[in-house]
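Trainee: Please give one part of this chain a close look, set it in the context of the whole, and state each cut-off where it comes in.

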Amino acid sequence: MNEPTLLSPERAHTLRRLLLALAILAGLAASVFVLASQPVTDFLREGPARLLPFEGGAARAVLGIGAALATIVAGAALWRGVSIASVVVAVISVGVGFLLIHVLMTVAIGLFALSVLAHVGGRTPRLLLVEAGPRRYPLRWAAGGVVVAAALVVGGVVSYWLASPLWDEGTMLDEGLGFEVAGMPTASPTAAAAGAAATEAPTATEAPTEAASPTATDAGASPTAASDTETPTATAAPATPTATAAPSGQGSLISMGELMGADSFHTGSGQVLLVRAPDGSVILRFQDYEVRNGPDLFIYLTPDPGGDVFADGAIELSEIRATRGNVNYEVPADVDPSTFRAAVIWCKAFAVLFAHAELE
C-alpha cells in the first residue's frame, strides 16, 4: 500500500505543469517587453548586462532573445519531471536569464521554484511532516519561517528599488537664486518675482497721493490744510525705496551648458549654469531641467568635458535633491570653478552615468 503524500501524485503533477506553463509565459512576456523597448534595454544594462559588448538594438536583441531561450530551456528541463540533472539545467538557465534581464526575470524564477516544490509535495510522505513538522519542532520551524519571510521582504524591497525608475519620476523643486545674473538665458523665478514687485511698487505708493488730492479739493481746504494733508505722503516717501528694494548686487555667469542623457533610458534635459553670487560664492544651478530618476544619484563637477567623475580634479557636490525643476548646489569655496568642464548626474550604486552637461 502506497504511503500518502502531502499532495497526491496526480495533483502534484498537474500543479507542477501549471506552474511551469505560467513561468514560461512570464519569462517570455518579460522577453517581449525587452525586445519592444530600447529604454527598458538601456535600463537593464545597469546590471550585469553591462559586461556584454553590445549597445543599442544589438543589446536589445541579445537581452530579449537570450532571456526567452533561457526561459524555454528551463521549462523544457522540468516539464517531463524533476531530477537532479533537470534542476541543475533549470538553475543554470534561469541564472543566465537573471543576469540578462535581472529584476524582470524574478516572477518566472519564483514560478519555477514553486513548480519544483509542487513536485516535492507529491513525493514527501505525510508521516515525515508529522515526525519532523512544526508540532514537534516549533522553534526550528518558526526560525525558518522568519528567515524565509525576511528573505522575501529584502528581495521585494531590492527588486522594487531596482525597478522603481521605470515608473517613479522622482521629486520636483523650484528654487530661485535671490539675485540677478548677467548673461543668464532666462531670469530665475526669484528675480522675476522681485522685478514684478518693483514694477508694481510705484502704483502702490502713488495711490495715497491720488486719494488725498480729491479729498482736499472737495473739502475746500485752505492751502494750510492742504499742506497738512500732504505731509503724511511726504513723510512716507523715504520709506518707499526700502519697501521695493531690488536684490542687492548682481551675480556673474561663469559657464553653462545643456544637460543631455546618457541613452534612451537615462534621459536628461535643461540648462546647467555655474554662477558666481554677489558675495563671491559659487552655485551650480540646474534650471528648467529634468533627469530620469534612479537609485543613489549624486551631482559631480569634473574637468573632463565627457563627464568622467573619476578624472583628476573631479568633485562630488551632493546627493541629488530633486529630479525636476530648478535646483541649486553650493560649490566649495576652495576650488576654482573655471577648471570644471562638465556637470554630471551619476549613480554611485551601479557606477552608471545618467546625464551630463558640457560647460563652456
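Mentor: A contact here means heavy atoms within 4.5 Å. Among contacts in the chain between residues at least 6 apart in sequence, 67% join residues at least 24 apart. The model is predicted, so local features need pLDDT of at least 70 and side-chain atom pairs count only at pLDDT 80 or more, while totals for chains, interfaces and linings use all residues. Numbering starts from 1 along each chain as its sequence is written, and side-chain values use heavy atoms, with hydrogens and water left out.

The chain has 10 helices and 10 strands, both taken as DSSP runs numbered from the N terminus (helices H or I, at least four residues; strands E, at least two). Of its 360 residues, 36% count as buried. Buried means under 20% relative accessible area, exposed over 50%, and partly exposed in between (1.4 Å probe, protein chains only). The accessible surface of the chain comes to about 19500 Å², and 64% of that area belongs to carbon and sulfur atoms. These areas come from the Shrake-Rupley method with a 1.4 Å probe, and for residues only the protein chains shown count as cover.

The part I will take closely is helix α1, residues 9–35. Helix α1 has 27 residues and spans 39 Å from its first C-alpha to its last, close to the 39 Å expected. The expected span is 1.5 Å times one less than the number of residues. On its buried side, α1 contributes A12, R16, L19, L20, A23, I24, A26, G27, A30, S31 and V34. The buried residues of α1 pack against four helices: α2, α3 (56–79), α4 (84–101) and α5 (106–121).

On the surface, L15, L18, L22 and L25 form a nonpolar patch with about 350 Å² of accessible area together. Patch residues have over 30% relative accessible area and no salt bridge; nonpolar side chains (Val, Leu, Ile, Met, Phe, Trp, Tyr) are joined within 5 Å, and like charges within 9 Å. Within this patch, L25 counts as exposed because its relative accessibility is 56%.

Next, two of the helices that α1 packs against, starting with α2. Residue Q38 belongs to α2, which covers residues 38–44. Its relative accessibility is 18%, so Q38 counts as buried. Beyond its neighbours within four places in sequence, Q38 is in contact with G56, G57, R60 and S264. A polar atom of the Q38 side chain lies 3.1 Å from the backbone oxygen of G56. That fits the polar-contact rule: N or O atoms within 3.5 Å, where within protein one must be able to donate a hydrogen and the other to accept it, and residues adjacent in sequence count only if both atoms are side-chain atoms. The C-alpha atoms of Q38 and A59 are 8.8 Å apart in space, with their positions 21 residues apart in sequence.

The other is α5, and T124 sits in the loop between α5 and α6 (126–132). With a relative accessible area of 18%, T124 is buried. The backbone oxygen of V120 lies 2.7 Å from a polar atom of the T124 side chain. Leaving out residues up to four places away in sequence, T124 touches T5 and L6.

Elsewhere, side chains of opposite charge can pair when their charged atoms come close. A salt bridge requires a side-chain nitrogen of Lys or Arg within 4 Å of a carboxyl oxygen of Asp or Glu, and the count by this rule is two. One of them joins E175 and R321 at 2.7 Å, N to O. E175 lies in the loop between β1 (172–174) and β2 (180–182), and R321 in the loop between β7 (315–319) and β8 (324–331), so the pair ties together parts 146 residues apart in sequence. R321 is partly exposed, at 38% relative accessible area. E316 and K348 also form a salt bridge, with their closest N and O atoms 3.1 Å apart. This pair links distant parts of the chain, with E316 in strand β7 and K348 in the loop between β9 and β10, 32 residues apart. E316 is partly exposed, with 40% relative accessible area, and K348 is partly exposed at 37%.

Backbone angles remain. Most residues other than glycine have a negative phi. D288 has a positive phi, near 50°, and is found in strand β5 (residues 282–291). At 53% relative accessibility, D288 counts as exposed. A351 also has a positive phi, near 50°, and lies in the loop between β9 (342–347) and β10 (352–358). A351 counts as partly exposed at 40% relative accessibility.
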